[in-house]
Structures are given as C-alpha cells and as structure tokens.
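This report sets out selected features of the structure shown below, under short headings.

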Amino acid sequence: MLEICGVRKVFSQGTPNEVRALQGVDLKIETGSFVVIIGTNGSGKSTLLNVVGGTLQIDSGVISLAGVNITKWPEYRRAKLIGRVFQNPFSGTAPEMSVAENLALAARRGRPRRLSWLLGAAKRDELRERVRYLKMDLENRLDDQIGSLSGGQRQALTLLMATWLKPELLLLDEHTAALDPKSADQVITLTDEIVEREKLTTLMVTHSMHQAANLGDRLVMMHHGRIIQDFHGAERKRTRVDDLLARFEDVRRADQLDETAAEMLRRVYI
Amino acid sequence: MSLLIGALTIGFILSLLALGVFISFRIFDFPDITADGSSTLGAAIAAVLLIKGINPVLASAAGFAGGFLAGGVTGTLAMKFKINGLLAGILVMTALYSFNLHIMGKSNVPLFGRPTLSSYAETTGMRLLGRSTLRVLGWDVTVTEASTLITAFVAVLLVSLLLYLFLQTNLGAAMRATGNNRQMIRALGVNDERMIILGLSISNGLIALAGALLAQYQGFADIQMGIGMIVWGLASVIIGEALVGTRQVGMAIVGAIMGSVLFRLLVAIALRLGLDPNDLKLMTAAFVFAALILPGLLKNIQRRKAQALHA
Ligand SMILES: Nc1ncnc2c1ncn2[C@@H]1O[C@H](COP(=O)(O)OP(=O)(O)OP(=O)(O)O)[C@@H](O)[C@H]1O
Ligand SMILES: [Mg+2]
C-alpha cells in the first residue's frame with residue numbers, strides 16, 4: 001500500500017519563478033490497485049511520480065510504501081520497492097549496452113551487485129524466455145545494442161525490466177506518449193497484461209482520455225498541484241471519455257473565472 | 001632495433017594509463033585529470049618501497065593502491081561535495097604534488113642496482129637463455145631488452161584481462177551502465193555516485209600502476225614524470241578507437257592497448273626524424289585537439305557536400 005500524506009513541493013522557492021507544484025496532496029492506494037492520473041499540463045503529475053520515486057525530495061509531508069516510511073530514502077534505495085518506466089524511451093535503458101545486459105541489470109533491481117557474472121548460460125535462457133513473451137521478435141536480438149531498437153521496443157523492454165522482480169509499486173509517467181499510435185497500443189496492452197497478471201500496485205499518468213477511461217480501477221484528476229477528483233468503485237466504472245472531457249471543461253472555465261476575478265481586483269486596487 | 005623495442009615496451013607500460021583514461025573519460029565521461037598526480041604517486045610509492053628492499057611485485061601493487069585512494073578522493077570531492085569534476089581532479093593533482101615530494105623526500109629517486117621488475121626480467125631471461133644477446137630476424141637484441149618487453153606485455157595482458165572480466169560482472173556492468181545512463185541505473189537500485197567513485201579509484205589505480213612500472217623501467221622516479229600523462233592517455237584512447245572502430249568493451253580495451261603502442265612508435269619515429277623532445281607535449285596536445293574536433297568537422301563537410309548536391 002502507498003500512502004501519500006500532505007505532500008508539498010515548491011520549485012525555485014522565494015524567486016519570481018516560484019512554482020507550487022504540489023500543494024498538499026493526500027492519496028492512499030490499496031495494494032493491487034491500478035490508479036490512473038490525468039490532469040492539465042503543469043498540474044503536478046510528473047512531480048508527484050518523481051517525489052514518490054525519489055527523484056525529487058519533498059518540502060513537507062510523508063510518503064510510506066508497504067508500511068515503511070520512505071520519505072527520506074534516496075532514489076536508488078527506493079528502487080528496491082519501486083519499478084519505473086519514464087516518458088522518454090531513452091531514459092529507461094543504457095543505450096550502448098546490449099538488450100541482454102540491460103535485462104540482466106534489471107533482474108537484480110535493488111539487490112547488491114558483486115563479482116558474480118552478469119550473464120551466465122542459465123540467465124540467458126531465462127532472458128530469452130521472458131523476451132519471447134513480448135512477441136516482438138526480440139529474442140534473437142539479445143546481443144544487439146538496445147540503442148539500436150525502436151522507441152516502442154525499448155519501452156516494452158523497460159516495462160519488462162521494471163517488473164522483472166515484482167515491485168511493491170509500479171510508476172508509469174506517460175510511458176506511451178512518445179510512441180506512434182500502433183506501438184503505444186502495443187505497450188498499453190502489455191502494461192495491462194503484466195499489471196493484471198502480477199496484481200501490481202500501479203500509478204500511471206496519461207494524457208490519453210481513451211487510456212484513462214479504459215484502464216485501471218481508479219481515476220485521479222489533478223489540477224494546480226492538487227487532487228480535484230477521485231473516481232473509484234461503481235463511479236469509476238460509469239465514467240466515460242465524455243465525462244472526463246466535460247470535467248476538464250469545467251476546470252478550464254473555473255480558471256478563466258479566476259482570471260477575470262484577478263483582473264477585476266487589479267483594476268480596483270492598482 | 002633497440003629504439004623499436006624501447007618504444008614497444010613503454011607503449012605496453014603506458015597502455016595501463018590508457019586503460020585508466022578509458023575508464024574515466026569513456027565509460028564515465030568524467031574528465032579526470034588526477035592522472036598527472038596519480039601516475040607520479042604510483043612511481044613514488046614503488047620507488048621508495050624498492051629502495052627499502054620490498055619485493056617489486058608488492059611495491060607495484062602498493063603503487064596501484066595509492067592511485068586507487070587518490071582516485072577515490074577525486075570521486076568523493078566530485079560526488080559527495082558536488083565540486084565540478086574537472087576542479088576536483090585539479091585539486092587532488094595539486095595536493096598530490098606535495099604529497100609525492102614528501103613520499104620521495106627529494107625530487108628524484110634513482111633505483112640503481114635495486115631489484116625491480118626490470119632486473120627480475122633480466123636475470124630470468126639470462127638464466128633461461130644463458131647468454132646476453134639474441135638474433136631476431138637478423139637483428140641483435142639484448143636479452144635485457146627482450147625480457148623487459150615480454151614482462152611488460154605479460155603484465156598488460158594480465159591486467160587488461162582482469163579488467164575485461166571485471167566489467168562483465170554484476171558490479172562492473174553496473175559501473176558501465178552508470179556511465180551510460182545514470183537515471184536508468186538509479187531506477188534499478190544502484191548508488192550511482194558510489195559507482196563513479198569506485199570507477200575513478202580503479203582508473204587511477206591503473207594509472208598509478210603504469211607510473212610504478214615506468215619508474216622501474218627507466219630506473220628512477222621523478223616528481224615531474226606525470227606532467228602531460230592525461231593527454232598521452234587520451235591520445236592513445238583516441239588512436240585506439242580509430243583502430244578498432246567500436247566502443248564495445250572488449251574491443252575498446254584491445255584498442256586502448258594498440259593505441260598506446262602505436263602512439264609510442266609514432267613518438268619514437270618523430271624523435272628519430274629530429275623532433276625536438278621539448279616540443280613533444282605540444283605536438284601531442286595538438287594531435288589530441290585535432291582528433292577531438294576532426295569527426296565533427298568531417299561531418300560538417302559531408303553535410304555541405306550533400307547540400308551542394310541537392311542544390
Ligand atoms: N525541475 C523543475 N524546476 C522548476 N519547475 C519545475 C520543475 N519540474 C516541474 N516544474 C514545474 O512544476 C509544475 C508541475 O510540473 P509537472 O511536470 O509535474 O506537470 P505535469 O502535470 O507532469 O505536466 P505535463 O502534463 O505537461 O507533463 C509546472 O509548472 C512545471 O513547470
Ligand atoms: Mg508530466
């Protein structure tokens with residue numbers, strides 16, 4: 001279970017560029033739940049995933065995972081519990097190393113690295129078996145540099161790497177946004193399969209209303225660094241793409257109202 | 001002939017330097033200039049221990065250990081204290097100058113008549129062959145030269161094999177991945193800062209070992225001997241990459257060794273043709289500069305040509 005309590009994060013505090021990316025976020029995710037996050041640009045979705053993953057340290061609040069308070073843990077230490085796939089296909093793999101080497105590195109996520117061989121014969125067989133499961137014809141390209149593969153292939157492999165050892169939490173930040181529609185579909189299907197099969201606790205950010213309406217068992221909407229809507233249970237099942245679009249329209253109109261109000265105040269007081 | 005053998009021997013010894021530079025510059029993309037200090041450190045430690053009558057293999061190993069520590073300090077300054085990598089190297093290199101003087105007690109430590117790896121090689125060669133000159137391909141070669149060359153070659157073979165095998169282990173692969181994509185390796189649970197510190201330690205250990213062997217080959221350690229080492233190492237690595245044309249680990253290691261040997265041959269030829277030894281470092285620096293900008297320049301020319309064709 002992931003528990004996020006009162007988390008705040010401010011960028012460039014005390015400068016004219018100050019951004020309050022997270023303004024008190026509370027979120028509790030049950031074990032095995034698949035949560036999809038949507039929200040306007042700059043609403044803090046990536047920041048939320050980054051503070052959970054440990055890429056960013058928070059200003060205040062508490063984050064605990066599987067009953068452990070991980071708020072102060074550095075990123076590499078959290079990786080023992082968390083698997084991640086990034087938006088950029090280049091971020092999740094070491095391009096100059098082979099497919100097999102990348103996978104074998106991931107097969108020890110969070111475990112000590114010592115002087116045993118990275119790739120033994122038994123390991124290679126296991127790798128080939130798991131890669132065959134992707135049905136991307138990559139099992140014969142295990143010795144190719146992973147940088148020579150397409151974005152979709154790399155994202156599929158990164159997903160495999162992130163879940164090789166079952167993580168307590170899987171973080172996906174728009175992991176199909178940089179792909180062409182066909183590859184994106186492939187990676188999404190794969191995501192759904194793996195999450196379903198392994199019963200993974202998952203936090204996924206997406207910009208695709210289609211993905212948001214069809215994936216996961218809970219839907220969270222963010223705006224200006226806050227959670228403004230949380231659909232679960234029966235309500236989540238009823239939610240359609242049109243409902244989401246309508247909700248976004250509400251938010252946009254409210255923002256405009258805010259702006260006209262601010263404009264009015266400025267005219268009155270300045 | 002002895003000029004050729006001398007160049008080959010120094011080439012092999014300094015290929016350990018090239019391997020060290022390969023680790024810092026190529027694997028980690030870390031411009032580590034600790035090398036100038038750590039090579040002298042290795043030479044100084046080995047020389048002082050040899051004077052004390054310590055076994056040459058142990059003395060060389062101690063040189064490696066000294067460089068290993070120095071690299072660790074540079075890595076720690078850069079990672080833990082967030083000092084710019086170049087500056088961290090300069091700080092340690094500068095500090096090592098005083099440190100090395102203290103170790104040696106003076107600016108030059110001669111090794112006349114002391115048992116060194118070179119003298120070991122010589123006596124072993126003499127005992128095996130029972131004479132002091134050989135004829136190789138119609139040339140007279142002293143057994144001293146030949147056995148020193150073979151010793152240097154075997155030492156490099158051993159060290160580079162160990163390095164290659166190390167880079168195939170879980171730890172070594174995590175180090176390579178750190179150099180390739182830090183974000184990825186952190187997300188896989190590796191402390192990337194620790195990997196860089198360890199990598200710089202190994203890099204400078206190798207460089208110090210090169211210094212220790214060089215001191216034994218030339219028969220003295222000198223406080224000035226490290227100056228320009230980093231550029232020599234870079235030149236070898238660049239030549240090596242051009243020779244093998246790949247950065248795949250095994251080939252890159254072979255390339256660094258070949259590059260170092262070829263570079264030494266080129267230097268020997270240039271000196272033979274009358275290059276002023278004082279200009280050697282200038283020429284090397286110019287060469288590295290050219291090698292660094294040439295690929296980009298060539299690409300530009302090719303693009304212009306292509307554009308001209310389209311126009
Ligand atoms: N490293 C940073 N330094 C300064 N500001 C940042 C940084 N990262 C994010 N921000 C700001 O914080 C806010 C939230 O950014 P975040 O990336 O979390 O948004 P997002 O919801 O992921 O948006 P998108 O949908 O565009 O990916 C934005 O205003 C952004 O400009
Ligand atoms: Mg984002």
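## Contacts of A:Leu105 and the nonpolar cores

In this predicted model, A:Leu105 touches residues of both chains, leaving aside those up to four places away in sequence. Its partners in chain A are A:Met97, A:Arg113 and A:Leu118. In chain B, A:Leu105 touches B:Ala173, B:Ala174, B:Ala177, B:Met184, B:Ile185 and B:Leu188.

A:Leu105 also belongs to the largest nonpolar core, which has 138 residues. Together with A:Leu103 and A:Leu157, A:Leu105 is among the residues with the most contacts inside that core. Another core, of 26 residues, lies apart from it and includes A:Val7, A:Leu22, A:Ile63 and A:Ile70.

## Overall form of chain A

Chain A contains nine helices and 10 strands. Its radius of gyration is 20 Å, close to the 18 Å given by the globule rule for 270 residues, so chain A is as compact as a globular protein of that length. Along the principal axes, its C-alpha atoms fill a box of roughly 75 × 40 × 35 Å.

Of the 270 residues in chain A, 49% are buried. The chain exposes about 13,200 Å², of which carbon and sulfur atoms supply 50%. Among contacts between residues at least 6 apart in sequence, 67% join residues at least 24 apart.

## Helix 10 of chain B

Helix 10 of chain B covers residues 229-244. At 1.5 Å a residue, its 16 residues should span 22 Å, and the 23 Å between its end C-alpha atoms agrees with this. The helix is mostly covered, with 13 of its 16 residues buried. B:Gly245 follows helix 10 and has a positive phi, near 65°.

Technical notes: Residues are numbered from 1 along each chain as its sequence is written. Chains are lettered from A and ligands numbered from 1 in the order in which they are written. This is a predicted model: local features need pLDDT of at least 70, side-chain atom pairs count only at pLDDT 80 or more; totals for chains, interfaces and linings use all residues. Side-chain values use heavy atoms; hydrogens and water are left out. A nonpolar core is a set of buried Ala, Val, Leu, Ile, Met, Phe, Trp, Tyr and Cys residues joined through side-chain atoms within 4.5 Å. Buried means under 20% relative accessible area, exposed over 50%, partly exposed in between (1.4 Å probe, protein chains only). Contact means heavy atoms within 4.5 Å. Helices (H or I, at least four residues) and strands (E, at least two) are DSSP runs, numbered from the N terminus. The expected span of a helix is 1.5 Å times one less than its number of residues. The radius of gyration is taken over C-alpha atoms; the globule rule is 2.2 Å times the number of residues to the power 0.38. Accessible areas come from the Shrake-Rupley method with a 1.4 Å probe; for residues, only the protein chains shown count as cover.
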